[in-house]
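Reader: I'd like to learn how to read a new model step by step. Could you walk me through one?

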Amino acid sequence: MTEAHFNTKLSRFRCDNGREYISHEIKDIFEESGIQFEFTIRYTPQQNGVAERMNRTIAEKIRCMLLESGTQKCLWTEAVLTAVYLINRSLTEALKNKVPAELWYGSLPNLKKLRIF
């Protein structure tokens, strides 16, 4: 999807060696496409610091939303979706103070529909 959207070739796929991506089928697809398949060493999350920090950011947003709203933990999934939605519509230095959704969709997102969780 990313290749088609940005008209660029994916060159490398890196994962945490957690076995969910390890199969002959996916290895064959990557090999046919010329994509390097890389794994970090097991049980070393520090090798994938950017992803680990984002996971922490998402988890912190989820906890804040659930605690502030006073809702039950059963709404965890909705809180995850909301947290990621908000992150994708927030400025980030990694993209030179642009909004990820702006780069993906080509225009600034409409934030008028945002409500308190």
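Author: Happily. Let's begin with the span of residues 1-108 in this predicted model. Its end C-alpha atoms lie 20 Å apart, and the span is 50% helix and 7% strand.

Reader: Which annotation covers residues 1-108?

Author: An unreviewed UniProt entry labels residues 1-108 "domain: Integrase catalytic". That label comes from the record.

Reader: What is the mean pLDDT of the protein chain?

Author: pLDDT is the predictor's confidence in each residue, from 0 to 100. Here the chain has a mean of 90, and 100% of its residues reach 70 or more. Among the elements, α4 has the highest mean, 96, while β1 has the lowest, 85.

Reader: Now the strands, please. In which sense do β1 and β2 pair?

Author: A general idea helps with strands: in a regular strand the side chains alternate between the two faces of the sheet. In this model, β1 (residues 12-15) pairs with β2 (residues 36-39) in the parallel sense, over four bridges. To find your way along the pair, look for Phe-13 opposite Phe-37 of β2, and for Cys-15 opposite Phe-39 of β2.

Reader: Is the β-α-β unit made by β1, α2 and β2 right-handed or left-handed?

Author: Right-handed. The helix in that unit, α2, covers residues 24-33.

Reader: On to pockets. Which residues line the largest pocket?

Author: For a pocket, look at the volume, then at the lining. The largest pocket holds about 280 Å³ of space, and its lining consists of Val-50, Ala-51, Met-54, Asn-55, Ile-58, Val-84, Ile-87 and Asn-88. Helix α3 (49-69) gives the largest share, five residues, and α3 and α4 (76-87) each supply at least two.

Reader: How many nonpolar, polar and charged residues does that lining have?

Author: By class, six are nonpolar and two are polar, with no charged residues.

Reader: And what lines the second largest pocket?

Author: Thr-2, Asn-88 and Pro-100 line the second largest pocket, whose volume is about 200 Å³. You can spot Asn-88 in the lining of the largest pocket too.

Technical notes: Residues numbered from 1 in each chain as written. Predicted model: local features only at pLDDT ≥ 70, side-chain atom pairs only at ≥ 80, totals over all residues. Heavy atoms only, no water. Pairing = 2+ DSSP bridges. Right-handed = clockwise from strand over helix to strand, strands pointing away. UniProt positions renumbered as here; feature names shortened; annotations may be inferred. 1 Å grid on protein atoms, 1.4 Å probe; cavity = no way out; pocket = protein on both sides within 12 Å on 5 of 7 lines; lining within 4 Å. Points joined across faces, edges and corners; volume = space filled by probe spheres on them. Nonpolar A, V, L, I, M, F, W, Y, C, P; charged D, E, K, R; others polar.
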